[in-house]
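Could you walk me through how the strands sit together in this one? I'm new to this, so plain words, please.

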Amino acid sequence: MVRFVHQVDSSISNDSGLSQKIATAERICRSYNRPLSRIQRDTYLFLLQANAPQTAYQILDGLRQSGASGIYPQTVYRMLSTLQESGLVHKLESTNAFLPCVKPARPHESIHLLCEICGCAEELVDGRVSDALLRDAQQRCFKIHRQVVELRGVCAVCIRTGAN
Ligand SMILES: [Zn+2]
Ligand SMILES: [Zn+2]
């Protein structure tokens, strides 16, 4: 198992947690008929072990540092868009950074809470907001292509440690 040099999320702080996430990812990708390639797997692993959303260039650096060669920015962008299509990864529009989905097995609209102090992000999966937005849009005969809901502020840890 590749280990990237990041502070690790507590829910995936051991190899078995990570292996489980990877196994789920592989199952999802197979169900879409696009098996997870090795480099996609490493990218997903890198994001799982990151303590904050990562830009494509940070991902590229991380992959290169872990020994991957022959990877270029366009390779990373292509890979990220496939991972997004499979629902494994979300993109934060306001920061152009990527993070792993917390509930990849079920397609959903998500809401992200972004901390302006430490840069961490948390995903909320709550259908109520999407339902309300969809209803309002439908009333205006507006056809939604994509929903982006990002809340910027200060996370609980930064509030507790007085960083704000
Ligand atoms: Zn998600
Ligand atoms: Zn914070």
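Here is a short chat about the sheets and one helix.

Biologist: What should I know before we start?
Modeller: Residues count from 1 along each chain as its sequence is written, while chains are lettered from A and ligands numbered from 1 in the order in which they are written. This is a predicted model, where local features need pLDDT of at least 70, side-chain atom pairs count only at pLDDT 80 or more, and totals for chains, interfaces and linings use all residues.

Biologist: Which strands stand at the edges of the open sheet with the order 1-3-2?
Modeller: Strands here are DSSP runs (E, at least two residues; helices are H or I, at least four), numbered from the N terminus. Two strands pair if DSSP finds at least two bridges between them, and the pairing in this sheet is antiparallel. Two strands have a single partner each, so one side of each lacks a neighbour in the sheet: they are strand 1 (54–55) and strand 2 (89–92).

Biologist: Which residue in strand 3 is the bridge partner of Thr55?
Modeller: Strand 3 covers residues 97–100 and pairs with strand 1 over two bridges, in the antiparallel sense. Thr55's bridge partner there is Ala97.

Biologist: What is the order of the open sheet with mixed pairing?
Modeller: Strand 5 (121–124) and strand 6 (149–153) each have a single partner strand, so they stand at the edges. That gives the order 5-4-6.

Biologist: Which residue in strand 5 stands opposite Ile111?
Modeller: Strand 4 (residues 111–115) pairs with strand 5 in the antiparallel sense, over four bridges. Opposite Ile111 stands Leu124.
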